[in-house]
Amino acid sequence: MERPPQAEPVGVARPAAGFWAEAWHRFRRMPLAMTALAFVGFLAAVAILAPAIAGTKPVICRYKGRLYAPCLAYYHRDWEPVIFATDKFRGEYPRNLAEKDPASWAVWPLVFQDPYRAVRADEWPGRPANPARDAGRPSRRNLFGTNQSGVDVFAKMVHGTLVALLVGFVSMGIAASIGIAVGALAGYFGGWVDAVVSRTTEVVMCVPTLVLILALLAIVEKPTIWKMMAVLGLTGWTGISRLMRAEFLRLKSAEFVAAAGAVGAGPGRIILRHILPNALAPVMVPITFGIAAAILTESGLSFLGFGQPPPAASWGSLLNDARSNLRMWWLVAFPGTAIFLTVLAFNLVGEGLQKATDPRLREARK
Amino acid sequence: MAAELDKQPPLATVAEALALRNDSVDHNARILSALGRLPAAGQADLAARVDRHLPADLNSTNPLLSSSAAEQDVLGLTGFGLFSFDRHLEPFAAAETVARWQTSVDGILDKVVLRDDLVWSDGRPITAHDVAFSYRVIMDERVPVPAVRSGTDQLRGVHAYDDRTLVYFHQEPLATNVWNINFPVIPRHVYADTWEDDPTLKDSKRHVDLEAKPVCGGPYEIVQRSRGQEIVLRARDTWHTVKGKRVRDVPFFKEVRFRILEDPNTALLALKKGDLDEMILTPEQWTTQTIDDGFYEKNTKATAPEWVSYHFAWNTKSPFFSDRRVRRAVSHAFDHERMLGTICHGLYTPCTGVFHPTAWMATKKPLDPYRQDLDRAEALLDEAGWLDHDNDGLRDREIGGQSVPFEFTILCNQQPMAQEICTLLQQSLERIGVRVNVKPTEFTVLQQLMLEKKFDASFGGWGAGADPDTASNIWATGEGRNFGSYSSPEVDRLFAEGRTEVDRAKRAEKYARIQELLWEDQPYTWLYWRNSFHGFSKELRGYVFSPRGPFHYSPGFGSLWKPAP
Amino acid sequence: MIRHLVRRLALGLVTLVSISFLIYGLIRAIPGTPLTVVVSQTDPSRRLNPADLERMKAAYGLDKPWHQAYFVWLGNVARGDLGRSISRKAPVAQLIGERVGPTLALSAGSLLLTWLLSIPLGLYAAARSGRPDERAIGLVLYMLYSVPTFVAALALQVTFSIWAEGTPWELPLFGMTSGRAHATTAAWLGDVARHAILPLFCLTYVSLAWYSRFINTNLQEVLRQDYIRTARAKGCGPLRVLVHHAFRNTLIPLVTLLGLSLPALLGGSVIIEQIFTWPGMGRLFFESLRERDYPTIMGLTLLFSVLTLAGQLLADILYAWVDPRVSVE
């Protein structure tokens, strides 16, 4: 007797790899979106490696027989090796390393500039001090020029990338999570849940953000940009929640929801698995724009005095420096271009995400 | 003033001065000397209009409620006053309003006889009763005018004996009495019935109406006021011509329009375009935005020293700054050269204490301005006990059994220059093991914290008052503006003596000694004296600078004119 | 429906009272009082009598505990009296009333302009999605979005006020009117309109990218629906599909946006108002915060809150009208 032919694994659909894995597969095939994601990744790399890209402290050095990493001071003040203070380096490494220990060596950052202060004359042997005021045009030593105080713009932008990225993600992350959750619940359950949630949303909407920030600033001892962003996130979710709620109101009477209910899906599953993927479209734009807008908001806040304490290294503070003297076009051009590229990138990623997670597209590909 | 100016021959002709660019001290002197002249007879265009700049709107047009500098600009032209001070900050009685002024030998009385040809803008005569009435209103507890009341409350009384005669009674024969008699005057016939019903002078309907169109006693009256936009003044005939006779000089402008522009960039554009005839320039605008053809086409600019100085204020009650050596150390550690050269564009001069070197009360002893000397600073800190005991890179000291690290916060306002200077302090001190946190603070919060003395250090500035005794507000023990709680019995004694000493030379000695003592103690780290920078249209003439700028003295704006075509 | 409205109005009143209580507490907690401002503005050469300051405190109602002062304010508001501004020495209602018109002129104009431009842009982008011309337009809009307002404002001022001086292209540098008397109302309106062009442009250009992307994204979502496929299969032309079938189904999010924009109508932008010296509410709010002018701050907050609540109510009513499946009860 012949054995029945083995089922050949040809043309058989792979087992479903899960919603997000599938979405990632589709995302990977969109060149524009991938480029944008790569750009975001590049920014993240710059943010993390900032002290190695631009700084006046060695990345690693060998001094008096031991290895040190002074550049860590850029991450946190306390991480600067104490020996350099006791040996009276006074913040100037190149000359002091050579003088105090001829056997020392150091690996320097790519660009010898500091994001917080102007480089003094002869700090790096043979180099003049940073130009200041109008003379700070982009040049060989100062790729993006310097601001009024003589601080290098390139260094400021590199070190400000971390703030730029996180500021958007932190505030939008908070706002989006709260907004989506709240809006979904209100729209889906309706009735008194909706009433309570909507009234609470209205209360939060009515509080002027400026008053809140002013109050926070005055009360808090050390106002940092993170506290500001937390405040923005905690007050900025209302628009997203209203958009979500409207979508849920619309979709909860759709056929597929009834179908899911008939099959026995509970409210949680219906909300998360069925309605939410369809309801994300209206909030994509507020979220992706919001991440980039946070950078501009940070600039506006520091203009009003509510930003990072000086000397701040952020793209927004560069825009503020430009305010009093727009002849120094490099103070606007470089941060402006960076913001433009970031807006573009986030929007392309958002677009790609939307296409990749659209359930309808998934069916279409089959 | 005309006499004084005539004594100094012009350094250039008008045409030359107009063609000059103000890029050196010499050019500046020429411009001021050629263009800052009073007109010869008939030279001025009496029908001229001028557009002036106001950075903020007035809060009130009632001279009693005025408090800010913007109000001084406007109300100085519309208000009625008997006394003022001149370019050298010497007090005098205005010949336009006063017929005779006598001080009694014992210094307790001042008798003033008003002229008989003074008229309010509504036609009623100005009398001594208006002055006495104003005094009563100012001194009444229910009226909220603390700004105007200070000084006036030092008088024992003001009495009008008839329509023209006034006597001011003082409590003691002090050299400062002459300043207390200078308070604003409101018309009695307008406010007599209304002020008691509404002592706040701004609530009742009548008072609100008066805000829009007040009754003025000065050369100009307010004819139009758009909130937040502009205020228009017109010269009133009843000032210079009474009963058909010319009794006073006609003011040089027929119409003065104050344009309210908050944004300095817009204001500069307006000046360049010709929409404004004058404005105060920021140092940044002076060095970078007023140097090209576009600016010099219609305008020129001038500068002169002003008695305004900026400083770091130390709270002598804080654990960090109670020791004089620490304060001196910080003064030594700060990079003064970089501040003066870069942040201040090389425009300012270093400040060596409370009085300007050109003032009559300044010390004649040469005081060396501080220069950055990190070694000296470290030596002083070591001596004061601030060493790095726990080897963490930060100096510390044991206070009350606990190790206190030398880390403090400095408050400043939100201006970019203030932040830059405080950041420079942070960087200078970082190099010697002291950590500074710079906290730009909203203006009102900053004032509140200073008043409550809740600070370690702050950055700020003072403008000098006309009389050196005003400095006692800041330095005498327990006084209102002594935010740093500085206390020196000798300084207190010298201030008290200076008040009663009438001989100018002896007074000067006392204040000179105060300046030297304060300089040794360094309760402030004095940073620089500021200049005043002003942009003027090429059509304007007659601007003369005083230690309080071109306008805040007599004649001030009154000396400006435009030539007839 | 009526019962629902009445219930909403009653709840709205409760919300207003709670908001005003919260805000009042918050602004009283911020350090600094109107008195601080008075003291700081006084010439340093003048000594201030502490007894005087105490009296002024009482005159401003600052000596009472804040919740007491709040109820005084609430009582006055119930009687229709918004109080007197502390720093500007004029009734709050008058101050706000003066600014409503100018603010509305700019914000309503900007809103209208934004919608008028964004809808066609969004439709076009959805129709030509992915094509080079759509990408190019998108790039231009993102670039506009990235230009900070003060840069654009200054560039426009220099171009149209300074360089264009003397030409018919010249536009006023600042202010709402030129201050000269006008013969007719039409002439005055024309003057205001000329002054409004630059600030309007500055207000609008930023939002174009956002709104057109918003419409585009929603349209994309709708265009993938089955009924669109059906319509296309039935032979509907692309324009009809887009405008008649697809766009109507994006109206719900648009209604939400409309409701959210209502308070912005009287909000105003501080930066633009400062640069162009436009007498708007944004400046009033910012300055009264700085001066701690409690009556004005409360008056403005009340106004914004009323508009916010009205906006939400409007949106909820419109949902039911736009999409019959949605019921708001």
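**Figure 1. Strands β6(B) and β7(B) pair side by side in this predicted model.** Welcome to the first close-up. Here β6(B) and β7(B) run antiparallel and are joined by five bridges. To find your place in the ladder, look for B:A160, whose bridge partner in β7(B) is B:L166. The link from β6(B) to β7(B) is a hairpin, made through four residues.

**Figure 2. The hairpin strands belong to an open sheet of four strands in chain B.** Reading across the sheet, the order is β4-β5-β7-β6, and the pairing is antiparallel. Which strands stand at the edges? They are β4 (98-103) and β6 (155-160) of chain B; each has a single partner strand, so one side of each is left without a neighbour in the sheet. From one strand to the next, the twist averages 15 degrees. Helix α5 of chain B, residues 128-139, packs on this sheet and touches β5, β6 and β7 (165-170). The direction of α5(B) makes about 150 degrees with that of β6(B).

**Figure 3. A closer look at β4(B) and its partner β5(B).** Strand β5 of chain B covers residues 109-114 and runs antiparallel to β4(B), with five bridges joining the two. A handy landmark is B:Q102, which stands opposite B:K111 in β5(B). As you follow any such strand, keep one point in mind: in a regular strand the side chains alternate between the two faces of the sheet.

**Figure 4. Another open sheet of chain B has mixed pairing.** Its four strands come in the order β1-β12-β9-β8. The edge positions belong to β1 (49-54) and β8 (220-226) of chain B, and because each has a single partner strand, one side of each is left without a neighbour in the sheet. The twist here averages 20 degrees from one strand to the next. Within the sheet, strand β9 of chain B (residues 230-235) pairs with β12(B) in the antiparallel sense, over five bridges. Look for B:V232, which stands opposite B:R257 in β12(B). Helix α4 of chain B (residues 69-78) lies across β1, β8, β9 and β12, running at about 150 degrees to β1(B).

**Figure 5. Chain B meets chain C.** Now let us turn to the contacts between chains. Chain B brings 50 residues to this contact and chain C brings 56 residues. The size of an interface is often given as the accessible area lost when the parts come together. For chain B and chain C the buried area is about 4800 Å², and carbon and sulfur atoms give 52% of that. How many salt bridges cross the interface of chain B and chain C? There are five. In the one between C:E170 and B:K273, the closest N and O atoms are 3.0 Å apart. Ten residue pairs are in polar contact between chain B and chain C. Several elements of chain B give two or more residues to the side that touches chain C, among them α6 (146-152), β12 (255-260) and α11 (264-273). The most comes from α18(B), with six residues. By class, this side of chain B has 14 nonpolar, 17 polar and 19 charged residues.

**Figure 6. Chain A meets chain C.** In this view, 51 residues of chain A are in contact with 48 residues of chain C. Together the two chains bury about 5100 Å², with 71% of it on carbon and sulfur atoms. Five salt bridges are found across the interface of chain A and chain C. In one of these chain-to-chain pairings, the side chains of C:R213 and A:E351 meet at 2.8 Å, N to O. Six residue pairs are in polar contact across this interface. Which element gives the largest share of the side of chain A that touches chain C? That is α15(A), with ten residues. By class, this side of chain A has 35 nonpolar, six polar and ten charged residues.

**Figure 7. A salt bridge within chain A.** Over all chains, the count comes to 63 salt bridges. This last view picks out A:K57 and A:E80, whose closest N and O atoms are 3.5 Å apart. The pair links distant parts of the chain, 23 residues apart. A:K57 sits in the loop between α3 (50-53) and β1 (60-63) of chain A, while A:E80 sits in the loop between β2 (66-68) and α4 (83-86) of chain A.

How values were computed:
Residues numbered from 1 in each chain as written. Chains lettered and ligands numbered in written order. Predicted model: local features only at pLDDT ≥ 70, side-chain atom pairs only at ≥ 80, totals over all residues. Heavy atoms only, no water. Pairing = 2+ DSSP bridges. Axes fitted to C-alpha atoms, helices over the stretch in contact; angles between N-to-C directions. Contact = heavy atoms within 4.5 Å. Buried area = accessible area lost by both parts, 1.4 Å probe. Salt bridge = Lys/Arg side-chain N within 4 Å of Asp/Glu carboxyl O. Polar contact = N/O pair within 3.5 Å; in protein donor to acceptor, adjacent residues only side chain to side chain. Nonpolar A, V, L, I, M, F, W, Y, C, P; charged D, E, K, R; others polar.
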